[in-house]
Amino acid sequence: INGSANNYQTRVNSEGDIKTWGWALGGDYLLPKNFRLSANVSYNKMSHVPDDVFAQFNTPDYRVNVGIGNPDLYKGFGFQVNYRYQDAFNYEGSFAIGPIPAVNTVDAQVNYKIPKYKLMLKLGGTNILNHYYRNAFGNPMIGGLYYLSVGYNVW
């Protein structure tokens, strides 16, 4: 077919040293009245990449998660709310190369325990504000996901 092309990509090792490094810190804290606070942050970086190397590291520098919850706040009702942040980064793939903007999302759930029947009902969602984002260049957009679950004998 006129104008068509076959593209190939071969994986090879770099002759020089490429350095990757990072760190992570996290913690959970039990507050009065059974409130629970959790947080973690991670940092990842690659350096000393030669100009002619297509590294495809595809990892944001920073990721942060912060949450608060109480599994039994009032008469069997509980909740959990989490905030997630991911730094912007440049995505490098065999399909495409391009920027991935920073992402801010909120996940939340409420739960209700029914001890008599050993049941736990949960209503919640990830990215509950439905702010669309993508996690790789060329991927479809990710929106909110909402759920209702019933668990038996889970505590």
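Phe79 lies in strand 4, which covers residues 77–86. The model examined here is a predicted one. Phe79 and Ile68 are eleven residues apart in sequence. In space, their C-alpha atoms are 8.3 Å apart. With residues up to four places away in sequence left out, Phe79 touches Phe35, Ile68, Gly69, Asn70, Leu73, Gln109, Val110 and Asn111. One of these contacts, Gln109, belongs to strand 7.

Strand 4 and strand 7 take their places in an open sheet of seven strands. The order is 1-2-3-4-7-8-9, and the pairing is antiparallel. Strand 1 (19–30) and strand 9 (145–152) stand at the edges. Each of these two has a single partner strand, so one side of each is left without a neighbour in the sheet. On average, neighbouring strands of this sheet are turned by 10° against each other, direction ignored.

At one edge, strand 1 pairs with strand 2 over twelve bridges in the antiparallel sense. Ala24 stands opposite Ser42 of strand 2. Strand 1 has twelve residues, and the number buried is zero, so strand 1 lies largely in the open. Strand 1 and strand 2 form a hairpin, with five residues between them. Two residues of this connection call for attention. Lys33, in the turn, has a positive phi of about 60°. Asn34 lies in the loop between strand 1 and strand 2, and its phi is near 70°. This value is positive, in a residue other than glycine. Most residues other than glycine have a negative phi. Asn34 is partly exposed, with a relative accessible area of 29%.

Strand 7 spans residues 103–114. Seven bridges join strand 7 to strand 8 (residues 119–126), and the two run antiparallel. Lys113 stands opposite Met120 in strand 8. The bridge partner of Asn111 in strand 8 is Lys122. The hairpin of strand 7 and strand 8 has four residues between the strands. In this hairpin, Lys118 takes a positive phi near 55°.

Two side chains of strand 7 were examined in turn. Asp107 lies in this strand. At 13% relative accessibility, Asp107 counts as buried, because the cut-off for burial is under 20%. The side chain of Asp107 makes a polar contact with the side chain of Arg84, at 2.9 Å. The Asp107 side chain also reaches the backbone nitrogen of Asn127, at 2.8 Å. Not counting residues up to four places away in sequence, Asp107 touches Gln80, Val81, Asn82, Arg84, Gly125, Thr126 and Asn127.

Gln109 also lies in strand 7. Its relative accessibility is 15%, and Gln109 therefore counts as buried. The side chain of Gln109 makes a polar contact with the side chain of Asn111, at 3.2 Å. Leaving aside its neighbours within four places in sequence, Gln109 is in contact with Gly78, Phe79, Gln80, Lys122, Leu123, Gly124 and Tyr147. Gln80 thus appears among the contacts of Asp107 and among those of Gln109.

Strand 8 pairs with strand 9 in the antiparallel sense, over eight bridges. Leu123, a contact of Gln109, stands opposite Leu148 in strand 9. The loop between strand 8 and strand 9 holds Asn130. Phi of Asn130 is near 55°, a positive value in a residue other than glycine. Asn130 has a relative accessible area of 31%, and is therefore partly exposed.

The search for empty space in the model also gave a result. Rolling a probe the size of a water molecule over the atoms shows where empty space is left. The second largest pocket has a volume of about 270 Å³. Its lining is made up of 16 residues. Of these, Met46, Phe57, Asn58, Thr59 and Asn90 lie nearest the centre of the pocket. Strand 2 (36–47) and strand 5 (89–92) each supply at least two residues of this lining.

Methods
Residues numbered from 1 in each chain as written. Predicted model: local features only at pLDDT ≥ 70, side-chain atom pairs only at ≥ 80, totals over all residues. Heavy atoms only, no water. Buried < 20%, exposed > 50% of the residue type's maximum accessible area, 1.4 Å probe, protein only. Polar contact = N/O pair within 3.5 Å; in protein donor to acceptor, adjacent residues only side chain to side chain. Contact = heavy atoms within 4.5 Å. Pairing = 2+ DSSP bridges. Axes fitted to C-alpha atoms, helices over the stretch in contact; angles between N-to-C directions. 1 Å grid on protein atoms, 1.4 Å probe; cavity = no way out; pocket = protein on both sides within 12 Å on 5 of 7 lines; lining within 4 Å. Points joined across faces, edges and corners; volume = space filled by probe spheres on them.
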